[in-house]
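Subject: Structure handover

Hello,

Here is the structure I said I would pass on. My notes on it follow below.

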Amino acid sequence: MTMWIDRVVGDLADKKSYREYRSRIKKLPPAYRDTALALERYLMNMGPSDDGAALVAMLGDLADLVERSAADGTPVRDLVGVDPAEFAETFLENYAGGSWIRKERRRLAESIDRAVAEGGA
């Protein structure tokens, strides 16, 4: 019975965790909330989109990080640095799974490695 429900509506625990994450983000001061939402958008496009559990874990960790920064009074720029994309990519390295672009990057690197190994160049 549970498998049938999961197939129709997805994992209910993941949905509950996602709603809790959104509630936590909504309570942050504006600059931190906007930063978290911007990072979320980027991570959702680049992140572990094929693994719901990894996605929920990643967003929970993002909320923890931004909440801690807000509580400590760490400026947003000190949190993400001068290149927010680089920060997000480094943050993303901690999670399994991947979007099409991550898979394509890995495939490109493997193809080049194979070409070099076979061609001796």
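Leaving aside neighbours within four places in sequence, which residues is L43 in contact with? They are M58, L62, A88, F91 and L92. Before the rest, please keep in mind that this is a predicted model.

Confidence

The chain has a mean pLDDT of 86, and 88% of its residues reach 70 or more. Among the elements, helix α1, covering residues 2-9, has the lowest mean pLDDT, at 58. The highest, 95, belongs to helix α5 at residues 76-80.

The core

L43 is also a good way into the interior. The largest nonpolar core counts 22 residues, and L43, M58, L62 and V66 are those with the most contacts inside it. Two of these names, M58 and L62, already appeared in the list of residues that L43 touches. Elements giving two or more residues to this core are α2, α3 (30-46), α4, α5 and α6. Of these, α4 gives the most, with six residues.

Helix α4 runs from residue 52 to residue 72 and includes S69. Is S69 buried or exposed? With a relative accessibility of 7%, S69 counts as buried, because the cut-off for buried is under 20%. Not counting residues up to four places away in sequence, S69 touches Y32, T74 and L79.

Salt bridges

There are five salt bridges in the structure. I describe some of them here.

R24 pairs with E67, and their closest N and O atoms are 2.7 Å apart. What does this pair tie together? R24 is in helix α2 (residues 12-26) and E67 is in helix α4, so the bridge ties together parts that lie 43 residues apart in sequence. Both partners are partly exposed: R24 has a relative accessibility of 25%, and E67 has a relative accessible area of 28%. The pair also belongs to a network of salt bridges that links R24, D64 and E67.

A second salt bridge joins the side chains of R105 and E89, with 3.4 Å from N to O. R105 lies in helix α7 and E89 in helix α6 (residues 84-92), so this pair ties together parts 16 residues apart in sequence. R105 is partly exposed, with a relative accessible area of 43%.

A further salt bridge is formed by E104 and R107, whose closest N and O atoms are 2.7 Å apart. How many residues separate the two in helix α7? They are three residues apart, so about one helical turn separates them. Here, too, the partners are partly exposed, E104 at 36% relative accessibility and R107 with a relative accessible area of 48%.

The surface of helix α7

Helix α7 spans residues 100-119 and contains I112. Which residues form a nonpolar patch on the surface? L108, I112 and V116 do, and together they have about 270 Å² of accessible area. I112 itself has a relative accessible area of 47% and is therefore partly exposed, since exposed requires over 50%.

If you want a place to begin in the viewer, start from L43 and its contacts M58, L62, A88, F91 and L92, then turn to the R24 and E67 salt bridge, and end at the patch of L108, I112 and V116.

Regards

Note on methods. Residues numbered from 1 in each chain as written. Predicted model: local features only at pLDDT ≥ 70, side-chain atom pairs only at ≥ 80, totals over all residues. Heavy atoms only, no water. pLDDT = per-residue confidence, 0-100. Helix = DSSP H or I, 4+ residues; strand = E, 2+ residues; numbered from the N terminus. Patch = residues over 30% accessible without salt bridge, like charges linked within 9 Å, V, L, I, M, F, W, Y side chains within 5 Å. Areas by Shrake-Rupley, 256 points an atom, 1.4 Å probe, with all protein chains shown as cover. Salt bridge = Lys/Arg side-chain N within 4 Å of Asp/Glu carboxyl O. Buried < 20%, exposed > 50% of the residue type's maximum accessible area, 1.4 Å probe, protein only. Contact = heavy atoms within 4.5 Å. Core = buried A, V, L, I, M, F, W, Y, C linked by side-chain atoms within 4.5 Å.
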